[in-house]
Amino acid sequence: MIAPARSPAPLVIHREDYRPPRFVVDAVDLDIQLDPELTQVRARLHLRRQSEADDQPLRLCGEGLALLEIRQDGQTLPKDQYRLEEGALLLLHPPRDFVLETLVQIRPIANTALSGLYFANGHFITQCEAEGFRRITYYLDRPDVLARFGVTLHAEQGPHPVLLANGNRIAAGQEAHGRHWVRWEDPFPKPCYLFALVAGDLGCVRDHFRTASGREVALEIYVEAHHLDACAQAMDALQRAMAWDERVYGREYDLDRYMIVATDTFNMGAMENKGLNIFNSKYVLARPETATDTDYQGIESVIAHEYFHNWTGNRVTLRDWFQLSLKEGLTVFRDQEFSADENSRGVQRIGDVRRLRAAQFPEDAGPLAHPVRPDAYIEINNFYTATVYEKGAEVVRMIHTVLGAAAFRQGMDLYFARHDGQAVTIEDFLAAMEGATGRDLAAFRLWYSQAGTPVVHAAGRYDPAQRRYSLTLRQEAAPTPGQPEKRPLPIPVRMALFSPAGQAMPLRGQEEDGAGDRERILMLDTAEQTWIFTEVSEPPIPSLLRGFSAPVRLEMGFGDAQRAFLASHDDDPFNRWEAMQGLALQALLAAIDQSHGAGVLPELLHGALAAVLSDAQMDPAYRAELLTLPSEDYVGEQMAVIDVEGIHCAREALRRAMGSAFGEQWAADYESLAFPYSRDGVSSGRRRLRNLALAYLLASDASYLDRTRQQYRQADNMTDHLAAFSLLVHQPDADVSDILADFYQRWQQHPLVIDKWFAIQASAPRPDTLAKAQALLQHPAFDWRTPNRVRALLGSLGANATVFHAADGSGYAFLAAQIRHLDELNPQIAARLATPLSRWQRYDAQRQGLMRQALEDLAGKANLSRDLGEVLEKSLK
Ligand code: PHE
Ligand code: ZN
C-alpha cells in the first residue's frame, strides 16, 4: 500500500503540457487520527470548477491510500460516480461547486520512502514536497492550487504530547482512550506541498522576534528533550536571518509563530513548510563537543535558507515544478548573500564556487545534464539538483551583478508586489526585474533554458606603440543531452588590469563610462568579442571573472608567471585564490602527465605559498583557503580522461612536498594558533588553518602521528577532535583500530557524530576501505532507514575516488548492490546514490565497461522505482 510509485512505462512530464487547473480548492479541512499502524485521514475539500463549459471528470492524485468513505455534499457517492485508478481518484460527474469528503487509511510505520506521513523514532513527520501530499489524502497535488488549510490532529497523549501543524493553534482538548487533539488553521492560502504536521514527545526552546513594524513573533524549536541545550546556534541564526530579510529586502515575517522541528530521519536538508519548518537534525543541533565549525556554518545557512523561503517560495510560489529554481535558485542566492554579510564575503564566495564546481559542473557535463528550468522529467524528486539550486543561484547572481544591488531590490519589490499570493513562473520573475528597472533581460532567459557550462577563452594583446590593450573573449559550449547546438549566452565578466608593479590600472576605452574606474563588467553576449583599452602605459596583467562573475570555465592563455603575479597582487579575494589554485593545479597536472609524483615544488608555487605563509596579517580562514590544494575531483575535472590513481599520487606527493618545504612555518602556525575554544569566526578560521598545518606536517613527517593522537585526545571541541580523528583514520598504513573503537565508544549516544565515524572510514583512501565498508553494513549502528546514516557510509564511499574506482570494479559492484537493496526502501536516496556511476564517460575504457555493467545490472532489477529508473535510463543512453 505504502510502496513508492513504480511504473513499468515511465511517464514523461513536459513543461509545454502545462494547463491551468480546472478546479480550485477554496478550503481544506483535515481531521487526522494519528496511529503508527493505521492512521485515518478525513478530508473535506471545497472544490469549484473554473469554467462553466467544462464537464470533464475531476482527477485527484492519491498514492497508497485505502479509501474507506467518499461523500459529495454530505451524501455517500455511488460507486458509478467515481473510479480508482493507479495514482488517482476520478470523480466522473462532479458538480460545479461542492464539498468532497473522503476518509482514507494509511500506514505511517511502513513508509520507508519518507515521503508523505511517516513514523520514525517515535515521531510522526510529514514531507510533502514535491508530491508527498497525495500519499496522505486524495488531492489536487500541484503547486498552483492554493487553498486555506485547517487541520485537527488526534493522537495518543502519552507518546505524542506535542501536536503541530501550519499556522495558528486554535484549540485543543482531551478525548477518550488517553487521546488528545489540537486544531490548527493557516490563514495563508498555500499549495499542499507546504502542508506539514508533526506529532511526538518533543521539548521546545522558545524565543521571540519583534518585526520592524512591531509585531511579536514566537520562535519555537522542537527537539527531543535531551537536545534542548543544542539549539542556540539555530535560534540565533533564525533571528539574524529575520533581521537580514527586513534590512536587505524589506520583508517581514507574517504569522505569530515560527516553528522548527528537528528529526533524525529526513531525506533532505530541511523543508520550508509554512510556519512549521522540518529540519534534518544535522542542520539544527550543535554543541561545541559534538558539532564542527562546518556544522555550525551549515546550520546558519540552512536555517536562513528555509526562513527566506517564506517570501521566495511560500508567499510567492510556483506555477509548476519546472519552475523549481524560481524558489530554489533565488533562495540559495539569498542565503549565500546572508552568509557573506554575516561572515567573510571572500571566503563565502570561494566556498560557494567550490561547491558549484564540485557538484554542478560535473552534472552539467554528464548524462544527467539539464537546464536550470528543465523541459521534461519523469520523477520530479530527481530534479532537486545542483543545477536547479546552485547554478540557479548563479543566474540570479548574474542578474544582480548586471542590474546592481539597488535596481535588483526594486525588481524584487515589484515581484513581491505583483505576485504575492500567486503561483508564478521564472518568466514572471524576469518580467518584474525588467518592469522595475527598464532593463532588457531577454538574452538572460537563455541561461534558464540552455544546459551545459560555457567555456570562455580569453586572449590579450598589448600594443606598446599605441599604448593599447585589446582583450578578446570567445565562448563555446559542448552539446548536452537533447541540446546538440548551443547559442552564445550573455556572460558578465568582471575584470581589472594590473600594472606590472601590481596596481589596478584606470580603465579607459571606447565605451568610456565614468573616467578612471579600475574595475569593469564586460558583457560577452556573442560568440566572440574584443575590447580595446586605451592609454595603457605598460603591458597589463588581466584579472578576469572577478568574484566568479559567471558560472563558466575560464581558459586564459596564461603561464604560471601571470598566475603567480595575481596570486600575490590581485585585490579580488576570489581571483587571488583562483590564481593560487591555478598554480597548484598546473603543478599537479604536470606531475600526472609525466607520471611522477609532484615531489618537488615548482618555484613559482613555492614562492606564492611562502608569501601566504609569512603573511600574518591575513584572515586565517582565507589563508587556509589559499593554502588548500584543489580537490582530487577538481583536478580530475580538468582531464580528458580522469586518472584516479595518478591524481591521488600526485596530490599526496605535493602535500608531502609542501609539508617538508615549509615544515617550520607549519609547526609555528600549529603552535601559535592554539587557543581555548570559542565560537566566533576568527577562532574557527584559526582552527581551520591549524588543522591544515597539522595535515601538512603529518603528510611529510610520520613523527607527527603522536602529536595528532594527542590532539585527538585533548581537543576541547569537535572540530579539532574530528580533524585529528580523520587524519589518523586516513593515514595509509597506520593501525588505528584503537582510535576507531575509542571514538565509537565516546560518541555512540550521538547519531550525528556517529555519522561522521561512518563517513570518515568510508572516505579513507586505503586499500582496506571497501572491506571495511562491507563490514560496516553489518554494524549495529548502521540503519538502512536513516538517510543520514546511509549517506555517511554509501555516499562517502561513492565519493572516495581511489576506492570506488578500484580498477577491478569492486567499488562499482558494491555500490550497485546496495542501491538495489535501498531502492526497495527509499527510492529518492537510491537514485541519488547512483550519480557517481552515471559519470562513467569520464573514465578509461576498462572502467567505463565496468561502470556500465553495474548500471545495466541495476536497470534489470525487477520493480525498479521511477526515481532510480530515470537516472539509470538517462545514464545508459
Ligand atoms: N525545499 C527544500 C529546500 O530546499 C528541499 C526539499 C525538497 C526538502 C524536497 C524535502 C523534499 O529548502
Ligand atoms: Zn530551498
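Strand 19 (residues 257–263) and strand 21 (residues 276–280) pair in the parallel sense, with 5 bridges between them. Within this pairing, alanine 262 has phenylalanine 279 of strand 21 as its bridge partner. The structure discussed here is a predicted model, and this pair of strands serves as the point of entry.

The two strands belong to an open sheet of 5 strands, ordered 17-18-19-21-20, in which the pairing is mixed. Strand 17 (203–210) and strand 20 stand at the edges with a single partner strand each, so one side of each has no neighbour in the sheet.

Strand 20 leads from the sheet to the ligand. Strand 20 (270–271) and helix 2 (293–308) each supply at least two residues of the shell around ligand 1. That shell consists of Gln127, Glu129, Ala130, Met268, Ala270, Met271, Glu272, His305, Glu306, His309, Glu328 and Tyr384. By character, the shell residues divide into 5 nonpolar, 3 polar and 4 charged. Among the residues around the ligand are the glutamates Glu129, Glu272, Glu306 and Glu328, as well as the histidines His305 and His309.

A further pairing occurs later in the chain. Strand 27 (residues 491–498) and strand 30 run antiparallel and are joined by 4 bridges. Here methionine 495 has leucine 544 in strand 30 as its bridge partner. Strand 30 (residues 541–544) is covered on both faces: Ile541 and Ser543 are buried on one side, and Pro542 and Leu544 are buried on the other. Leu544 is thus both a bridge partner and a buried residue.

These elements may now be placed in the context of the whole chain. The protein chain contains 28 helices and 31 strands. Its C-alpha atoms fill a box of roughly 90 × 65 × 60 Å along the principal axes. The radius of gyration of the protein chain is 28 Å, which agrees with the value near 29 Å that a compact globule of 877 residues would have. Buried residues account for 50% of the 877 residues. Of the contacts in the protein chain with a separation of 6 or more, 70% are between residues 24 or more positions apart.

As to the confidence of the prediction, the mean pLDDT of the protein chain is 97, and 98% of its residues reach 70 or more. The model scores ipTM 0.99 and pTM 0.98.

Technical notes
Residues numbered from 1 in each chain as written. Chains lettered and ligands numbered in written order. Predicted model: local features only at pLDDT ≥ 70, side-chain atom pairs only at ≥ 80, totals over all residues. Near = placed C-beta within 6 Å. Nonpolar A, V, L, I, M, F, W, Y, C, P; charged D, E, K, R; others polar. Pairing = 2+ DSSP bridges. pLDDT = per-residue confidence, 0-100. Rg over C-alpha atoms; globule rule 2.2 N^0.38 Å. Buried ≥ 20, exposed ≤ 12 C-beta atoms within 10 Å, placed from the backbone. Contact = placed C-beta atoms within 7 Å.
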